[in-house]
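Here is a friendly walk through one model, with its sheet, helices and internal spaces taken in turn. Keep the viewer open as you read.

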Amino acid sequence: MATSVRRTTLTLPAAPIGPDNPLPALRTGPDLHRIEIPEDAGLPADMARQIGYGPLRSILPTRLRDGYGRDRRSTDVDALVIENERLRATVLPGLGGRVYSLHHKPTGRELLYRNPVLQPANFALNGAWFSGGIEWNIGATGHTTLSCAPLHAARVPAPDGGEMLRLWEWERLRDLPFQVDLWLPEGSDFLHVGVRIRNPHHHTVPVYWWSNTAVPEGAHTRVLAPADAAWQFGYDRTLRRVPVPVADGADRTYPLRSEIPADYFYDVPDGPRRWIASLDAEGHGLVQTSTDSLRGRKLFLWGAGRAGRRWQEWLTEPGTGGYAEIQAGLARTQLEHVPLDAGGEFAWLEAYGPLDADAATVHGDDWGAARGEVAARLEAALPRADVEAAYAAWRPYADHEPKETLATGSGWGALEMARAGFDLPGTPFDTATLGPAQRPWLTLLETGDLPPEGPVPGPALVAPAWRDLLESALPGPATDYHLGLAQWHAGDRAQAVRSWERALAAGGGRLSLDALPLYCLAVAEAEAGEAVRAADRYAEAFGCAARFAETLASDDACARAWRAVLPALAREAVPALLAVDRAEEACDLLAHLRQEDLADGRFRLLTAQVLLAQGEPAAARAVFEAGFEIPDLREGEETLSDTWYALTERLIAGSGPVTDAVRAEARTRHPLPARYEFRMRPV
């Protein structure tokens, strides 16, 4: 059977992704990957250098994707299938190019963890992400902003004369084009994946890449890699080197023998072949290998503890089996970014396929023998030389132009082509993909000025070339607002504040022009530690947006966008007001929201926090007892547990002080209800 690429449709229970947050994403959110490195950690010099290189200041120019809920309905999802006589790979081009399924025909085995539902959760850098399959992470430390975004896809000639599926897009955090080519050589048990990241700019760019594979988690599932040590990173934010397989008294290569979630970045030495495998009790499972430039290998495990199990349930349906992740990346750890020189590229080949090994050896006490067994079986199934040869054969085909479009991504690449005219053979960014999001910026390119209408909620551009264009444009509310975003992103915060103040002055008190600059100034005040002034600005921004929304009688796109601004502002304004003891003002602000907004779990939590601040802990507890869910609860966030224990301690203490005895009683007699347990570090 010759390799083929075809369209199909999957029908799955899915929660809609929903609209993006209309506010500019000026902050990165909780920095889960902030590192505390012990003095005796002994980091290699290149690792230490790359950990401190190229951190994000914000997720601009992307926006937060937090408009999803948890109500799932049967949904048709576009999919692309790559198939030969041995394997069938199913890819979701509209959801980051995720390989949803990898089915091995001779054995009838599904090699990946295939999530039976599509449930977004707040794990990506910009929010929405879902678990399962193989995902392609580019940009910065974390799950890519493209996790739930469409990619361009096309049919392309494969090196062996068959067909290849190409995925490509313009990654906006680093302004880089990338491509992922997938094909199945005739008769092969291995999915081949060629990846290329190019830097068309005249400056060096920090690059991040990790290919993450979700594999079924079982009581006797073991993850193996060619390493005797690993860099362990947990939600206590500490990076330390530990032995493999046994660390702190437990064999960490079995995901369910750990209690809490953690990352294990294997310290794979140079020279030996790079691979990682997940094998079940019978020695069956999946192996991933690559050419040597894809250096890192990692195991992420949820662990067997209460919080890990809760997160697993949160990401799928109750009763569904759990998963672990085996991963491969450009650096030793996901805490690093790697410099890509001007005009340069990174390229490599990956291969994914089934592996059968002797179970007794794989699960024996001799770690060296277990590793050697997997390495030998892999070499027999797919020799290292064959991977190198496949990479060499693919490289000329990476430039072949697509012959049939199968899916369409964003218009941002086409806009960059219009601006700079980059030469990117193999990944065309057609002008036909330019849409409403790019139109104001195309106007700036063609005329030197942004359109005169005000800075209504919409996407931004913040790269140096666009900042230069904004600085040369005629000043005005829209131009100064967007210039401020570009300056903020560049770290020039004083200039950003001046630009937003100019935008506010140029708006002349017009409600439609004032709300977003006011919001930006509120964030700037908060970041500067001016909590009272920040609260004032947040309240002013909310009031401005609320008054403008009341004037919109229509239900067009503009009206809907502005009505979405109100709850987005409230979610930031209420905590800012509570932080400066203005609970009554926070309560009044919530009263301006629609009932459908207040029913959302995010506002149920805010309501409980306001009630607690007003001295009504019993009423706050009643909110928890009635039950609510926060669809976009952030990975590692502890707001639920913090609020629960704060109100419980106040109930116990009454009007008296909260002593250590009160805290102990709260934790022993009133533990956090299981439905609110999402803590990812030891309690």
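Leu286 has Pro354 of strand 26 as its bridge partner. The model here is a predicted one. Strand 22 (residues 284–290) and strand 26 (residues 345–356) are paired in the antiparallel sense, over seven bridges.

Now for the sheet around this pair. Nine strands form an open sheet in the order 15-21-22-26-12-11-10-9-27, with antiparallel pairing. Strand 15 (222–224) and strand 27 (404–407) have a single partner strand each, so at these edges one side of each strand is left without a neighbour in the sheet. From one strand to the next, the twist averages 20°.

A helix also meets this sheet. Helix 5 (residues 384–394) lies across strand 10, strand 11 (176–183), strand 12 (191–198), strand 22 and strand 26. Its direction makes an angle of about 135° with strand 26.

Let us turn to helix 6. Which residues of helix 6 (residues 412–420) are buried? They are Trp412, Gly413, Ala414, Leu415 and Glu416. The cover over the buried residues of helix 6 includes strand 10 (163–171), along with helix 7 (439–447) and helix 8 (464–472). Strand 10 thus turns up twice in this account: helix 5 lies across strand 10, and strand 10 is among the elements that cover the buried part of helix 6. Just after helix 6 comes Gly421, with a positive phi of about 60°.

Finally, the internal spaces. How many cavities of 30 Å³ or more does the structure hold? There are four. Two of them are set out here.

| Cavity | Volume | Lining by class |
|---|---|---|
| Largest | about 80 Å³ | six nonpolar, four polar, two charged residues |
| Second largest | about 60 Å³ | seven nonpolar, no polar, three charged residues |

Strand 8 (residues 134–138) gives the most to the lining of the largest cavity, with four residues. The residues lining the largest cavity include Glu135, Trp136, Asn137 and Ile138. Also in this lining are Leu95, Gly96, Arg98, Thr144, Leu146, Ser147, Leu151 and Phe178.

The second largest cavity has Arg310 and Trp314 in its lining, together with Phe628, Glu629, Ile630, Leu633 and Leu640. Arg675, Tyr676 and Phe678 also line the second largest cavity. Polar residues are absent from this lining, whereas the lining of the largest cavity has four of them.

Terms used:
Residues numbered from 1 in each chain as written. Predicted model: local features only at pLDDT ≥ 70, side-chain atom pairs only at ≥ 80, totals over all residues. Heavy atoms only, no water. Buried < 20%, exposed > 50% of the residue type's maximum accessible area, 1.4 Å probe, protein only. Helix = DSSP H or I, 4+ residues; strand = E, 2+ residues; numbered from the N terminus. Contact = heavy atoms within 4.5 Å. 1 Å grid on protein atoms, 1.4 Å probe; cavity = no way out; pocket = protein on both sides within 12 Å on 5 of 7 lines; lining within 4 Å. Points joined across faces, edges and corners; volume = space filled by probe spheres on them. Nonpolar A, V, L, I, M, F, W, Y, C, P; charged D, E, K, R; others polar. Pairing = 2+ DSSP bridges. Axes fitted to C-alpha atoms, helices over the stretch in contact; angles between N-to-C directions.
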